[in-house]
Amino acid sequence: MPEPLPLRFFNTRTRKVEPFAPAVPPKVTLYCCGPTVYNHAHIGNLRTYVFEDLLQRTLRMAGYELHHVMNITDVGHLESDADEGDDKMMLAAARERKSPWDIARFYEGEFFRHTDMMKIRRPDTVCRATEHIGQMIAMVERLVERGHAYAAGGNVYFDTATFPAYADFARLRMDAQEATERVDLDERKRNPADFVLWFSQSKYPNQVMKWESPWGVGFPGWHIECSAMATEYLGETIDMHCGGIDHVPVHHTNEIAQSEGCFGHRWVDTWLHGEFLVVDDAKMAKSSGDFLHLDRLVEAGYEPMDYRYLLLTGHYRARLSFSFEALDGARQSLRTLRNLAHDWSYAARDGDGVRKEALADWQERFRTALANDLHVPNALAVAWKMARDGDLAPAEKLALMLGFDTIFGLDLAAATESRSLPDDLMALIARREQARADRDWATADTLRDELRAKGVAIKDRPGGTDWELVG
RNA sequence: GGCCCGGUGGCAGAGUGGUGAUGCAGAGGACUGCAAAUCCUUUCACGUCGGUUCGAUUCCGGCCCGGGCCUCCA
């Protein structure tokens with residue numbers, strides 16, 4: 001087994017780009033924070049999952065044996081009757097007379113429908129919070145035993161005063177935060193930063209998702225699920241943990257506190273966080289109720305791959321501006337890439353060989369870009385330069401591009417596949433080909449018009465006649 | 001209020017103390033029976049005011065503008 005390719009990543013924990021060194025190579029344990037399934041994933045959410053998909057593909061390409069785990073948050077702020085809440089989706093749920101369980105299952109399905117459309121590989125393990133309540137309770141018990149948690153008024157809280165490193169990860173200034181605390185003061189907390197591990201005194205009186213616990217019937221806090229499930233599937237030390245940039249100050253800070261408080265040692269080696277997709281210079285706001293999700297792009301005539309291409313053009317640690325103008329540009333770029341792949345596959349039919357040494361240099365440039373903190377935009381630039389390199393044969397370009405596409409995930413192979421039409425239409429195409437061979441242009445053009453009327457656009461490619469269905 | 005990040009050509013987006021990102025769009029050309037596709041060439045940039053420097057888009061400072069976090073959030 002060859003040594004895995006050396007990779008470097010920006011580690012949020014150290015705020016530095018550093019060599020990636022899993023504890024037990026070539027194995028890598030990766031935990032990614034998954035969706036809270038009470039609404040559709042918007043396209044900003046999808047950006048994060050595409051980032052994690054690119055990471056996952058890169059790790060495998062580099063030769064690592066990956067165990068990729070993602071949670072489904074199907075418990076938390078789901079209440080049966082949201083009359084007094086301001087969550088529009090909960091109102092919608094009430095209107096549709098669905099239980100929180102139904103809502104969660106429905107949107108979980110929607111989530112995977114969208115990620116499948118985006119060609120995001122499903123994690124090796126997907127775990128639901130509601131199916132790991134026991135592990136969460138066990139972890140909370142362990143935290144209580146170790147003195148990191150206390151019960152008060154029916155709830156259990158993490159005692160941040162017992163974890164001096166609490167502010168380190170997010171580089172928080174606790175004094176400044178206390179001074180401007182705007183949250184409803186919970187008198188049961190010893191410190192404002194303390195957070196709930198287990199609720200039995202919910203602020204939602206109509207909570208229908210609840211379980212027995214040593215502290216009363218209730219439900220888990222909002223952070224414990226990730227710690228408990230990551231431990232369940234990956235053990236008490238994890239190589240890599242990812243999520244959206246917004247998770248740094250609260251969710252991941254709390255995960256670290258409870259996990260390291262529980263285990264007494266470092267929990268995660270490398271943390272990667274994806275930046276936001278922004279629209280009009282502002283982040284996508286789920287609460288606005290009018291956010292964009294993938295179906296809306298499809299309804300507007302775009303393919304999911306158009307959006308995936310757009311995401312490839314930006315580095316994961318930089319904000320990316322979404323606009324339909326930018327999406328149009330991505331769509332054009334992707335079309336060209338597909339046309340190129342298509343033409344190469346035609347030209348390569350004659351069977352010209354592939355010089356492995358000619359490929360090696362481009363593969364090296366491509367891998368170097370990815371190894372540098374997952375620099376997909378540069379990898380994409382390498383792909384374009386390769387595409388326009390005059391020294392490569394079509395078969396070589398095709399081999400390289402399809403290899404690159406194992407990372408990009410644009411499904412370019414589909415552009416090289418031969419397809420079929422109903423026999424009568426194929427016969428028309430054949431007749432036109434004969435007419436062209438006979439230099440009978442009038443007949444050829446008539447047949448083309450006829451095909452066009454039937455929704456088939458003819459394109460005479462360098463390697464032969466191609467067609468595509470049009471509206 | 002506190003903390004933090006960013007401002008690159010029409011758009012998206014890399015990068016660097018002194019030559020080229022890349023893609024889309026625009027312009028011109030080539031090829032093509034026509035159409036499509038592809039190829040080639042090419043215009044356009046570094047928020048602003050100072051400083052450091054032989055030289056700054058790149059380093060430093062002020063300012064302006066935009067954004068994020070401090071509360072669930074990808």
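## Exercises on helix packing and the RNA surface

**Exercise 1.** Work out how helix 6 and helix 7 are oriented to each other in this predicted model, and which residues make their contact.

Solution. Helix 6 and helix 7 turn out to be oblique to each other, because the angle between them, about 50°, falls neither under 35 degrees nor in the range 65 to 115. Helix 6 covers residues 224-234 and helix 7 covers residues 248-263, and their axes are 8 Å apart. The next step is the sense of the crossing, which for helix 6 and helix 7 is right-handed. On the side of helix 6 the contact is made by I224, C226, S227 and T231, and on the side of helix 7 by H251, E255, Q258, S259 and F263. Sorted by class, this contact of helix 6 with helix 7 has three nonpolar, five polar and one charged residues.

**Exercise 2.** Describe how helix 4 packs on helix 7, giving the angle, the handedness and the contact residues.

Solution. Begin with the axes: those of helix 4 (residues 133-145) and helix 7 come within 9 Å and cross at roughly 65°. That angle makes helix 4 roughly perpendicular to helix 7, and the crossing of the two is left-handed. Helix 4 brings M139, R142 and L143 to the contact, while helix 7 brings Q258, S259, G261, C262 and F263. By class, the contact of helix 4 with helix 7 has four nonpolar, three polar and one charged residues.

**Exercise 3.** Determine whether helix 14 and helix 15 are roughly parallel or roughly antiparallel, and classify the residues of their contact.

Solution. Helix 14 (residues 423-437) and helix 15 (residues 441-453) have axes that come within 8 Å and cross at roughly 160°. An angle over 145 degrees counts as roughly antiparallel, and helix 14 and helix 15 are therefore roughly antiparallel to each other. Helix 14 passes helix 15 in a left-handed crossing. The contact is made by L425, L428, I429, R431, R432, A435 and R436 of helix 14, together with W441, T443, A444, L447, R448, E450 and L451 of helix 15. These residues of the contact of helix 14 with helix 15 divide into eight nonpolar, one polar and five charged.

**Exercise 4.** Characterise the protein surface around RNA strand B, from its overall make-up to single polar contacts.

Solution. Start with the classes: the surface near RNA strand B has 19 nonpolar, 21 polar and 20 charged residues. Helix 10 (residues 324-347) supplies the largest share of this surface, nine residues. Of the 60 residues around the strand, those that come nearest are G244, H247, S333, D445 and R448. Turning to the RNA side, 65% of the atoms of RNA strand B within 4 Å of the protein belong to sugar or phosphate, and the rest belong to bases.

Single atom pairs complete the picture. A polar side-chain atom of D445 lies 2.3 Å from a base nitrogen of RNA strand B, and a polar backbone atom of G44 is 2.8 Å from a base nitrogen of the strand. For R461, by contrast, the partner of its polar side-chain atom is a sugar or linking oxygen of RNA strand B, at 2.8 Å.

**Exercise 5.** Locate P26 and D411, and state what is notable about the backbone at each place.

Solution. As background, most residues other than glycine have a negative phi, and most peptide bonds are trans. P25 and P26 are joined by a cis peptide bond, with omega about 5°, and P26 lies in the loop between strand 2 (16-19) and strand 3 (27-32). D411 has a positive phi of about 60° although it is not a glycine, and its place is in the loop between helix 13 (394-408) and helix 14.

Terms used:
Residues are numbered from 1 along each chain as its sequence is written. Chains are lettered from A and ligands numbered from 1 in the order in which they are written. This is a predicted model: local features need pLDDT of at least 70, side-chain atom pairs count only at pLDDT 80 or more; totals for chains, interfaces and linings use all residues. Side-chain values use heavy atoms; hydrogens and water are left out. Axes are lines fitted to C-alpha atoms, for helices over the stretch in contact, and angles run from 0 to 180 degrees between N-to-C directions. Helices (H or I, at least four residues) and strands (E, at least two) are DSSP runs, numbered from the N terminus. A crossing is left-handed if the near helix is turned anticlockwise from the far one by less than a right angle, and right-handed if clockwise. Contact means heavy atoms within 4.5 Å. Ala, Val, Leu, Ile, Met, Phe, Trp, Tyr, Cys and Pro count as nonpolar, Asp, Glu, Lys and Arg as charged, and the others, Gly among them, as polar. A residue is near a molecule or strand if one of its heavy atoms lies within 4 Å of it. A polar contact is a pair of N or O atoms within 3.5 Å; within protein, one must be able to donate a hydrogen and the other to accept it, and residues adjacent in sequence count only if both atoms are side-chain atoms.
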